[in-house]
Amino acid sequence: MHSPRDIVTEPARALDGLADGSVVALGGPPVPGTLLDRLQRSGPRGLHLLCTRTALDSPLVQPLLRQGCVSRCTVAVPSPAEGDLRLAIPAEWLTVDEMTEGLRAGAAGVDDFYSPGEVHTAVRTPSRDQERDKPRHLRVGSVPFAHKASLHCDVALLYADEADLMGNLAMDGPYSGLFTAMAHAAARTIAECAHVRADGPLGRARTAVTADHVQAVVPAARRHRAHRWIGGRAPSPEAGS
């Protein structure tokens with residue numbers, strides 16, 4: 001068993017060194033409010049935000065858009081019908097499955113690949129170098145495949161229900177698979193956590209993100225109550241942020 005390491009830290013130290021123009025994958029709901037508050041007050045500018053529609057609708061995220069911290073968004077929605085976004089900054093949408101697929105490919109170290117389904121957004125369109133000598137479409141038997149770009153991010157900011165002193169994270173909710181993919185694809189993962197346990201590691205079945213993908217854990221200012229997601233929209237105020 002590994003020895004516990006000094007992974008629990010303050011928000012200022014956890015976000016130190018995040019550069020202007022960084023790609024930030026944001027988990028939620030619940031969104032990591034303590035980390036977002038720090039990002040708003042002293043963080044970099046011109047960020048590219050990858051998040052769910054529910055996280056984008058959060059009152060904790062809107063100040064980042066109004067104050068110019070974010071210059072571009074890529075938003076995951078449950079279905080293509082919910083991809084109509086009207087924002088003051090450039091935005092493009094993916095289904096939750098498409099964003100998860102792109103992040104998993106990025107975590108595997110590939111920049112472009114083929115998979116079923118069309119490419120309908122610039123963030124998944126391969127670059128000219130990636131397109132060289134590669135057709136846009138292939139067919140294997142009766143199944144069509146499209147050439148797609150993977151997704152990468154500089155940092156993932158997540159909210160975890162529980163963490164241990166190793167940095168293993170437990171996350172619940174319908175989008176936990178997407179948030180795990182964010183952690184795996186990010187160069188650095190910072191988790192805001194409702195409860196940091198000091199009495200041993202999380203069990204394997206409870207762990208959604210293992211410690212080798214986590215660089216810092218920040219205690220949450222408040223614990224979010226359990227809530228439901230309805231069609232990917234933000235929950236009611238009574239249900240938590």
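User: Let me start with one pairing: which residue is the bridge partner of Phe113 in β7?

Analyst: Welcome! This is a predicted model, and in it Phe113 is bridged to Lys148 of β7. That pair belongs to the contact between β5 and β7, two antiparallel strands joined by 4 bridges.

User: How do I read the order of the strands in this open sheet?

Analyst: Follow the partners across. Here 3 strands line up as β5-β7-β6, with antiparallel pairing. Because β5 and β6 each have a single partner strand, they stand at the edges, and one side of each has no neighbour in the sheet. From one strand to the next, the twist averages 30°.

User: What links β6 to β7?

Analyst: Look at the turn and then at the bridges. The two strands form a hairpin with 2 residues between them, and Gly141 in that turn has a positive phi of about 65°. Strand β6 covers residues 137-140 and β7 covers residues 143-149; they run antiparallel with 4 bridges between them. One of the pairs is Arg139 with Pro144 of β7.

User: Now a helix. How far apart are the end C-alpha atoms of α5?

Analyst: A handy check is to compare length with residue count. Helix α5 has 12 residues, 96-107, and at 1.5 Å a residue it should span 16 Å; the end C-alpha atoms are 16 Å apart, so the two agree. Just after the helix, Gly109 takes a positive phi of about 90°.

User: Which residues of α5 are buried, and what covers them?

Analyst: The buried ones are Val96, Glu98, Met99, Thr100, Gly102, Leu103, Ala105 and Gly106. Their cover includes strands β2, β3, β4 and β5, along with helix α7.

User: Is Cys73 buried or exposed?

Analyst: Relative accessibility is the number to check, with under 20% as the cut-off for buried. Cys73 has 0%, so this residue counts as buried. Cys73 sits in strand β3. Beyond its neighbours within four places in sequence, its contacts are His48, Leu49, Leu56, Leu65, Ile89, Pro90, Ala91 and Glu92. Val23 is 50 residues away from Cys73 along the chain, yet their C-alpha atoms are separated by 9.5 Å.

User: What pLDDT does the protein average, and where is it below 50?

Analyst: The average is 85, and 87% of the residues score at least 70. Residues 225-241 are below 50, although this stretch has 33 contacts in the model beyond near neighbours in sequence. Where pLDDT is low, predicted coordinates should not be read in detail.

How values were computed: Residues numbered from 1 in each chain as written. Predicted model: local features only at pLDDT ≥ 70, side-chain atom pairs only at ≥ 80, totals over all residues. Heavy atoms only, no water. Pairing = 2+ DSSP bridges. Expected span 1.5 Å × (residues − 1). Buried < 20%, exposed > 50% of the residue type's maximum accessible area, 1.4 Å probe, protein only. Contact = heavy atoms within 4.5 Å. pLDDT = per-residue confidence, 0-100. Axes fitted to C-alpha atoms, helices over the stretch in contact; angles between N-to-C directions.
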